[in-house]
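Student: I would like a close look at one part of this protein: its largest pocket. Please walk me through it, and then show me how the rest of the chain is laid out around that topic.

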Amino acid sequence: MFKHSMTRRGYTLIEVLIVVTILGIAGALVMPSLGQTHVLRVQAAVRTIISDITYAQSDALAFQTGRALLFDVDSNSYRLLEVNGLTLDPDNDTLYSPSGPDQQYIVVFDDPRYGGATIQNVDFDGTASLIFDEIGGPVVAPGSDVLASGGSLEVAGPNSLWRINVAAFSGKVTVEQLDAP
């Protein structure tokens, strides 16, 4: 018969030190990225505005009716409106959000998920509204067929500043990062 010897083997000091060192290096790599979450949240605010601009433009084309984004710097928000007539009426013409029943399409950046992002320096032909005609082109006023000259707005965060540009005629949206305030 064979004799099996059962020996208990533990970890050596060297093995424990190697594992602790690897965990320390991994932790050092992860910690800086956790500190950058506010930047990612401000970028989420920028992406939200961009997606809503392109949504308004395509919705105008799909339904063959004007759409507008009305920015309110004081309340740090914007809303999506249907263009009915020659004026924008936020009380009666705000569209409903697809995110839930009976919710108006209003985006407020005071929500913590946007990391302290603020809307500032909104200028679309001297107004705080971006208006698309029935074929999705930016125009200067509700019910107008005069093409807009484009415009921009800025989104500021604690350590970042972004400018969203909307081109004349096509409504193409571009983004650029500016020096932080």
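Tutor: Start with a term. A pocket is an open set of grid points with protein on both sides within 12 Å along at least five of seven lines, and a lining residue has an atom within 4 Å of a point. Keep in mind that this is a predicted model.

Now the pocket itself. The largest one has a volume of about 160 Å³. Its lining is made by T48, D52, S97, P98, S99, Q103, Q104, Y105, I106 and V107. Two elements give two or more residues to this lining: α2 (37-63) and β3 (106-108). Sort the lining by class and you get four nonpolar, five polar and one charged.

Next, set the pocket within the chain. The protein has three helices and nine strands. Read from the N terminus, the order is α-α-β-β-α-β-β-β-β-β-β-β. Of its 181 residues, 37% count as buried.

There is enclosed space too. A cavity differs from a pocket in that a 1.4 Å probe fits there but cannot get out. The count comes to one cavity of 30 Å³ or more. The largest cavity has a volume of about 90 Å³. It is lined by 13 residues, and F124, D125, L130, V139 and A148 lie nearest its centre. The elements giving two or more residues to that lining are β5 (129-132) and β6 (138-139). β5 gives the most, with three residues. By class, this lining has eight nonpolar, four polar and one charged residues. Compare that list with the pocket's four nonpolar, five polar and one charged.

Now look at charged pairs. The count comes to five salt bridges. Take E82 and R67 as one of them: their closest N and O atoms are 3.9 Å apart. E82 lies in strand β2 (residues 77-82) and R67 in strand β1 (residues 67-72), so the pair ties together parts that are 15 residues apart in sequence. The cover on the two partners is as follows. R67 counts as buried, at 5% relative accessibility. E82 is partly exposed, at 27%. These two residues also belong to a network of salt bridges that links D59, R67 and E82.

Another salt bridge joins D111 and R113, at 3.3 Å from N to O. Here D111 is partly exposed, with a relative accessible area of 29%. R113 counts as exposed, at 53%; the cut-off for exposed is over 50%.

E154 and R163 make a further pair, with the closest N and O atoms 3.1 Å apart. E154 counts as buried, at 9% relative accessibility. Its partner R163 is partly exposed, at 24%. Buried means under 20%, so R163 falls outside that class.

Finish on the surface. L13, I14, L17, I18 and I22 make a nonpolar patch of about 520 Å². Pick out L17 from this group. L17 is found in helix α1 (residues 13-34). L17 is partly exposed, with a relative accessible area of 46%.

Go back to the pocket to close. Find α2 (37-63) and β3 (106-108) in the view, as both give two or more residues to its lining. Then trace the lining residues, including T48, D52, I106 and V107.

Note on methods: Residues are numbered from 1 along each chain as its sequence is written. This is a predicted model: local features need pLDDT of at least 70, side-chain atom pairs count only at pLDDT 80 or more; totals for chains, interfaces and linings use all residues. Side-chain values use heavy atoms; hydrogens and water are left out. Grid points are joined across faces, edges and corners, and a volume is the space filled by probe spheres set on the points. Helices (H or I, at least four residues) and strands (E, at least two) are DSSP runs, numbered from the N terminus. Ala, Val, Leu, Ile, Met, Phe, Trp, Tyr, Cys and Pro count as nonpolar, Asp, Glu, Lys and Arg as charged, and the others, Gly among them, as polar. A salt bridge is a side-chain nitrogen of Lys or Arg within 4 Å of a carboxyl oxygen of Asp or Glu. Buried means under 20% relative accessible area, exposed over 50%, partly exposed in between (1.4 Å probe, protein chains only). Patches are made of residues with over 30% relative accessible area and no salt bridge: like charges are joined within 9 Å, nonpolar side chains (Val, Leu, Ile, Met, Phe, Trp, Tyr) within 5 Å. Accessible areas come from the Shrake-Rupley method with a 1.4 Å probe; for residues, only the protein chains shown count as cover.
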